[in-house]
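User: Hello! Could you pick one part of this model and take me through it closely, including whatever packs around it?

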Amino acid sequence: MSDVVEVRGFEPLGKVKIAPLGDSGAAVILGDIISTEIYGRVRALSEYLEQHPFKGMIEYVPSFSSVAVYYDGLAVLMEHAGKIAPGNENYPFAVVAEILENILRQVKDAAVRQPRIVNIPVCYGGEGGPDLDYVAEHNGLTPQEVIDIHTSADYLVYMLGFAPGFAYLGGLPERIATPRRQTPRVVIPSGTVGIAGDQTGVYPIETPGGWQLIGKTPKALFLPECMPPTLLQAGDIVRFYPITLREFGKWGEEER
């Protein structure tokens with residue numbers, strides 16, 4: 001069995017589907033747009049799987065509008081043999097799809113935990129934010145107005161990806177949205193804050209990138225010695241606040 005399973009009863013926010021993801025995974029597709037309502041579904045399912053993993057489940061990976069669930073097919077069949085519809089007993093995906101469909105119905109109207117608020121200091125402009133003036137000019141604003149707008153919003157962490165600890169944030173005000181650079185930079189220092197289109201984010205490690213760079217934070221986002229090894233987690237709310245270059249330097253001294 002490899003057909004996509006459609007889960008009924010979720011139509012107001014779009015169709016919900018469960019699709020095979022290779023031979024040991026299932027993609028629970030909870031919508032086809034980026035929205036806080038659909039992401040509520042993602043969080044509800046993720047929180048349930050975190051607290052009640054089914055036998056044979058290896059891990060789950062949330063994204064903007066879906067959750068990938070990876071499993072051990074043999075363990076799934078051994079645990080759930082005789083508990084599923086006849087004809088599906090030899091297909092791990094069929095078993096997992098049935099389990100996930102039942103879970104979805106349980107968490108359909110579940111309340112999601114209150115998000116954790118993470119405050120991140122940013123020294124805007126200067127060497128750490130060489131594109132701040134361009135972002136301002138592109139949007140017909142002053143650099144200070146860009147800073148004021150950027151620090152006025154709450155940003156939802158939809159998912160982590162691209163690099164360890166890199167959080168994809170929703171909620172950037174449209175007034176400061178700016179296209180990516182035509183030519184990406186070869187090296188962007190860790191802690192650099194950027195804008196690309198209608199998203200903002202922080203580079204947690206030194207990496208290439210094409211985002212418009214508006215500032216830098218002294219706060220570490222990738223923490224390999226910790227568990228979890230990242231400051232931000234899916235579902236968190238990020239709030240940026242401005243600091244001076246002197247405060248940035250003092251923060252570094254304290255960290256050392």
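Analyst: Happily! Two strands pair if DSSP finds at least two bridges between them, and strands (E, at least two residues) and helices (H or I, at least four) are DSSP runs numbered from the N terminus. A quick example is strand E7 (residues 155-160) with E8, an antiparallel pair with four bridges; there, Leu160 has Ala167 in E8 as its bridge partner.

Before the close look, a word on the source: this is a predicted model, where local features need pLDDT of at least 70 and side-chain atom pairs count only at pLDDT 80 or more, while totals for chains, interfaces and linings use all residues. Residues are numbered from 1 along each chain as its sequence is written, and side-chain values use heavy atoms, with hydrogens and water left out.

My pick is the open sheet of five strands, whose order is E1-E2-E3-E5-E4 with antiparallel pairing. Strand E1 (5-7) and strand E4 (57-62) are at the edges with a single partner strand each, so one side of each has no neighbour in the sheet. On average, neighbouring strands are turned by 20° against each other, direction ignored. E4 is joined to E5 by five bridges, and Tyr60 sits opposite Val69 in E5.

Next comes the packing. H3 lies across E1, strand E2 (16-20), strand E3 (25-29) and E5, and runs at about 160° to E2 (axes are lines fitted to C-alpha atoms, for helices over the stretch in contact, with angles from 0 to 180 degrees between N-to-C directions). Leu100, leaving aside neighbours within four places in sequence, is in contact (heavy atoms within 4.5 Å) with Ile18, Ala26, Val28, Leu49, Phe54 and Val69.

Leu100 also belongs to the largest nonpolar core, of 42 residues, where Ile18, Leu30, Leu49, Phe54 and Leu100 touch the most other members. Such a core is a set of buried Ala, Val, Leu, Ile, Met, Phe, Trp, Tyr and Cys residues joined through side-chain atoms within 4.5 Å, with buried meaning under 20% relative accessible area, exposed over 50% and partly exposed in between (1.4 Å probe, protein chains only). Two or more residues come from each of E1, E2, E3, helix H1 (36-51), E5, H3 and E7, and H3 gives the most, nine.

Finally, strand E5 (66-71) and helix H3 (92-107) are among what covers the buried residues of H2. In H2 (residues 73-80), those buried residues are Gly73, Val76 and His80, whereas the face turned away from them carries the exposed Leu74 and Met78.
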